[in-house]
Amino acid sequence: MSGTSRIRDKFLELDSKNEKALITYTMVGYPNEKDTLTVIRGLIKGGADIIELGFPFSDPLADGRVIQNASMMSLDKGANLGQFFRLVRKIRQESNIPLVLMTYTNILYHQNYEKFFKEIKNAGIDGVITPDMTIEESKEYLKAARNNTIDTIFLVSPNTDKKRLEKIIRQTTGFLYLVAVYGTTGIQNKIQQYTVDALKNTKKAANRKIPVGIGFGISTPDDARYFVKQGADAVIVGSALIKLVEKTPPSKLEKTIIEFTKKLKNTTKVS
Amino acid sequence: MKPRFPKDGRFGEFGGKYIPETLVPAIEELEENYLKFKNDKSFKKELNYYLTEYAGRPTPLYFAKNLTEKIGGAKIYLKREDLLHGGAHKINNTLGQALLAKRMKKKRIIAETGAGQHGVATAMACACLGLTSEVYMGYKDTIRQKLNVYRMNLLGSKVHPVKSGSQTLKDAINEAIRDWITNVKDTYYLLGSAVGPHPYPVMVRDFQSVIGTEIIQQMKKINKKNPDIVIACVGGGSNAIGTFYPLIDSDTEIIGVEAAGKGLKTEYHSATLSAGSKGVLHGMMTYLLQDKEGQIKETHSISAGLDYPGVGPEHAFLKDANRVKYRSATDKEVIDAFLLLTRTEGIIPALESSHAIAEAIKIARSKPKSESIVVTLSGRGDKDVEVVEEYVRNIKNSR
């Protein structure tokens, strides 16, 4: 890999402080254009290490109810790529935090991978997560990402076998995203044993070459603390934050997000 | 020309598997088992038994004499898939996949449905073979096709109305995929059209190819040659690909008919191949109806079964290869065709199939009497009489 990566640098920095990463997800245009930035400011002030910017897609088939509803609301209010670029540029004026775009293949393909990755790199995006992009279909996608030094964060699942894990790891830069559950994004009631086993196996396959983040169903500081203890290099919180945004009045939004993010971040400080 | 079982799952640049990683092992397991059983003697024998004794194959190839005379041109033949058990071609595929699911030892079957025909055919196959089934159906479709909801319930299937998105077929597919991700170990996803990630488009095509194979045999008996033209309607495109595929290497002119709704120049149609652009939805690269940023558009058709913003990837391939002509019929043309066939032949066609009839009516006149046109009558129209009645009443009132 050539070029610098804010994501890689962030993990190195955290490692030196004996910390794990808190990765937070929020959606472009949710609850509206203005307050997306309020939420992000709250996340940054609360201590998030990496921010995933979800860009809404009309057919989010890997997402549960919470993110589905947020996507629909955001699109209904007119969320578009122009808004996304405005947002990224504003964040970049204020912060050097690593930014990852999470959306579905069609949004990226429709723009043309090469052209779009160049544009998002220029705006300040560091990586992409595309839940319906498999390594088999990723040739052009990877080429465009490498050309523009965009990290390609692939997802793996508890049922991904060892051989495939290794294949995926070879195409992954930034960090590897372990999907914690059999299911879509959203809040889960209890932590499953298979998730703990999957984390162990994924860490082993990653072999310290690439950090392993775990997400889907991690919604409380207790969940986060548990997975940090089990060896996750990063914990990823999404739906719980969207839910918090949903029920918080705009006047209290930044403060509420800061408080919740702080609680989450505290769990990632190992010593 | 003819990608039989594309190893990388692609028809030219179309198809593939764009799916969440959780589904990859399930899709691989499916492909492996399908390849294993599709040529397995006892599997083929069992499927053939059910297709014949349970579903009612072979279906007649009926010479529509009255319709032909009324139009005055080429001879029109109807491939009577509407006479199958359940009233549509869907049972060809659901029996095939349900038998496969059984061999794969999957006990829980999920499916999506648009008009409800695939849901009913799934519920029937599952009841017959001792499997439990759950069907996702767009909330809007549960209302416009409530009779089919009731039929599924009677057959022991649980219907989940889907209230997300546009509340139609595409959203039902999203929800079925989400269910599959969640219950991936013990659940078999019985997809109803030649869409989705590989191997579905290939597998559904193969199970539906019995339509085209029978047409060839039957026309040989009648005419000692292949039909000059075949026509089928295209939503996802399963009855069409089943009709076309065995004829791809022949000289037969092949025409697929999409739903032009209120017109291709309006926002209210489902004519993906005629008016769409390339993109990725439901695990496949294909033509889609989408806006300038790649958001999938809501579609319209008077027939719920064609109300889908994507199309099977093999159709996308056949369009670009110029092997199949894809045309469209408007709601009005479809109603006219529905009424004409009903009155001349005493056959009530499904609104989906009426799109193909409309095209036959358009072209038959200009063709010589010596030529033969085969139209796949993919389903019967009992489910649609209310919609037709309302449409006709509104036209009368607006006059």
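**View 1. Strands β5 and β6 of chain B run side by side in this predicted model.** Here you can follow β5 (residues 108-113) and β6 (residues 132-138) of chain B, which are parallel and joined by six bridges. To find your place along the pair, look for Ile110(B), which stands opposite Glu134(B) in β6(B). In general, strands of a sheet pair through backbone hydrogen bonds, either parallel or antiparallel.

**View 2. Four strands of chain B make an open sheet.** Reading across, the order is β7-β6-β5-β8, with parallel pairing. The edges belong to β7 (158-162) and β8 (187-189) of chain B; each has a single partner strand, so one side of each is left without a neighbour in the sheet. From one strand to the next, the twist averages 25°.

**View 3. Helix α8 of chain B packs on the sheet.** This helix covers residues 169-182 and touches β5, β6, β7 and β8 of chain B. Compare its direction with that of β5(B): the two make about 160°.

**View 4. Chain A brings together 12 helices and nine strands.** Its radius of gyration is 17 Å, close to the 18 Å that the globule rule gives for 271 residues, so chain A is as compact as a globular protein of that length. Taken along the principal axes, the C-alpha atoms of chain A fill a box of roughly 45 × 40 × 35 Å.

**View 5. Inside and outside chain A, 64% of the 271 residues count as buried.** Among contacts in chain A between residues at least 6 apart in sequence, 73% link residues at least 24 apart. On the outside, chain A exposes about 11,200 Å², and carbon and sulfur atoms supply 48% of that area.

Note on methods. Residues are numbered from 1 along each chain as its sequence is written. Chains are lettered from A and ligands numbered from 1 in the order in which they are written. This is a predicted model: local features need pLDDT of at least 70, side-chain atom pairs count only at pLDDT 80 or more; totals for chains, interfaces and linings use all residues. Side-chain values use heavy atoms; hydrogens and water are left out. Two strands pair if DSSP finds at least two bridges between them. Axes are lines fitted to C-alpha atoms, for helices over the stretch in contact, and angles run from 0 to 180 degrees between N-to-C directions. Contact means heavy atoms within 4.5 Å. The radius of gyration is taken over C-alpha atoms; the globule rule is 2.2 Å times the number of residues to the power 0.38. Buried means under 20% relative accessible area, exposed over 50%, partly exposed in between (1.4 Å probe, protein chains only). Accessible areas come from the Shrake-Rupley method with a 1.4 Å probe; for residues, only the protein chains shown count as cover.
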